[in-house]
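Subject: Structure handover

Hello,

Here is the structure I promised to pass on. Please open it first, then read my notes below.

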Amino acid sequence: MTAMSPEMTAYLPFILLGLVALVLAVWLISRLGRKARLIEDESTAPLARDVLEDGAARAARNQALIDAPRAVEIIQGDTSAAANTQAVAASPLGTDAEAGPDPMSAPPPPATSAPDDLTRIKGLGPKLSSLLGEFGVTTFAQIAAWQPSEIERIDAKLGRFSGRIVRDQWVEQAKLLAAGDENAFAAQFGRNG
């Protein structure tokens with residue numbers, strides 16, 4: 001058997017130290033990767049339990065927040081910002097009086113005329129038409145009459161469809177469709193499919 005060279009002997013402590021560090025690193029990584037196990041011990045109460053599984057009532061504070069009505073009252077038939085501001089200002093602060101009924105759960109106000117096929121407006125598909133119907137918007141004339149404040153209010157409720165009203169020029173399209181000017185509509189926005 002051959003003896004180790006002097007160079008190898010000089011590096012041997014560093015090699016052994018590196019191997020120990022490698023084994024320690026592998027052990028630490030394996031420990032961190034494990035999930036903790038809960039071992040049930042019949043002699044003591046469980047460390048963590050779901051109180052709702054045990055039939056406990058929901059926390060009163062959380063349920064009150066869930067059941068609380070919305071913060072802004074929408075006056076049926078009058079959607080102007082001034083009327084809503086006055087209604088909120090007139091109610092005492094710190095009460096649910098300013099909340100009023102939830103406009104999403106209340107039925108929409110009756111339409112003044114037969115509903116139009118809002119999907120004729122470019123960029124307004126069946127989902128958006130249904131959503132607008134929930135807000136009480138069912139005719140081209142209603143959309144044609146929108147002011148910038150109403151556009152902003154409705155746009156905020158459109159979620160992922162936000163920005164479409166202005167980008168796809170719904171108001172301009174609705175004005176032409178409400179007037180029955182099919183030629184001008186086709187010239188400016190193209191024919192409906």
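Start with E182, which is partly exposed, at a relative accessible area of 34%. Keep in mind that this is a predicted model.

E182 forms a salt bridge with R120. The closest N and O atoms are 2.7 Å apart. E182 sits in helix α9 (residues 182-189), while R120 sits in the loop between α3 (81-90) and α4 (126-134), so the pair ties together parts that are 62 residues apart in sequence. R120 is partly exposed too, with 24% relative accessibility.

How many salt bridges does the structure hold? Two. The other pair is R167 and D168, with an N to O distance of 3.8 Å. R167 is exposed, at a relative accessible area of 54%. D168 is partly exposed, at 21%. Buried means under 20%, so D168 falls outside that class.

**The overall picture**

The protein has nine helices and zero strands. From the N terminus on, the order is α-α-α-α-α-α-α-α-α. There are 193 residues, and 19% of them are buried. The exposed area is about 14,300 Å². Carbon and sulfur atoms supply 60% of that area. Take the contacts with a separation of 6 or more: residues 24 or more positions apart account for 53% of them.

**Helix α1**

Helix α1 covers residues 6-33, which is 28 residues. From first C-alpha to last, α1 reaches 41 Å. That is close to the 40 Å expected at 1.5 Å a residue. There is a kink, though. The bend is about 40 degrees and lies at L12, shortly before the proline P13.

L12 also belongs to a nonpolar surface patch of about 1,000 Å². The other members are M4, M8, Y11, F14, I15, L16, L19, L22 and V26. V26 is in helix α1. V26 is exposed, with a relative accessible area of 53%.

On helices at large: an α-helix has 3.6 residues a turn, so residues three or four places apart point the same way.

**Helix α8 and what packs on it**

Which residues of α8 are buried? They are W170, V171, Q173, A174, L176 and L177. These buried residues pack against α4, α5 (140-144), α6 (148-156), α7 and α9. Just after α8, G180 takes a positive phi of about 75 degrees.

Look at Q173 in particular. Q173 lies in helix α8, which spans residues 170-179. Is Q173 buried or exposed? Q173 is buried, with a relative accessible area of 0%. Leaving aside neighbours within four places in sequence, Q173 is in contact with R120, I121, K122, D168, F185 and F189. Two names there come back from the salt bridges: R120 pairs with E182, and D168 pairs with R167.

**The loop before α4**

L124 is found in the loop between α3 and α4. L124 counts as buried, at 3% relative accessibility. Beyond four places in sequence, L124 is in contact with L118, T119, S129, L132, I143 and W170. L124 and W170 are 46 residues apart along the chain, and 8.0 Å separates their C-alpha atoms. W170 is one of the buried residues of α8.

**Helix α7 and the step to α8**

R164 is in helix α7 (residues 164-167). R164 is partly exposed, with a relative accessible area of 25%. Not counting residues up to four places away in sequence, R164 touches G123, L128, D155, Q169 and W170. R164 and G123 are 41 residues apart along the chain, with their C-alpha atoms 7.0 Å from each other.

Q169 lies in the loop between α7 and α8. What is notable about the phi of Q169? The value is near 55 degrees, which is positive in a residue other than glycine. Q169 is partly exposed, at 34% relative accessibility.

**Where to look first**

Try the E182 and R120 salt bridge, then the kink at L12, then Q173 and its contacts.

Best wishes

Conventions: Residues are numbered from 1 along each chain as its sequence is written. This is a predicted model: local features need pLDDT of at least 70, side-chain atom pairs count only at pLDDT 80 or more; totals for chains, interfaces and linings use all residues. Side-chain values use heavy atoms; hydrogens and water are left out. Helices (H or I, at least four residues) and strands (E, at least two) are DSSP runs, numbered from the N terminus. The expected span of a helix is 1.5 Å times one less than its number of residues. The bend at a residue is the angle between axes fitted to the seven residues ending there and the seven starting there. Buried means under 20% relative accessible area, exposed over 50%, partly exposed in between (1.4 Å probe, protein chains only). Contact means heavy atoms within 4.5 Å. Accessible areas come from the Shrake-Rupley method with a 1.4 Å probe; for residues, only the protein chains shown count as cover. A salt bridge is a side-chain nitrogen of Lys or Arg within 4 Å of a carboxyl oxygen of Asp or Glu. Patches are made of residues with over 30% relative accessible area and no salt bridge: like charges are joined within 9 Å, nonpolar side chains (Val, Leu, Ile, Met, Phe, Trp, Tyr) within 5 Å.
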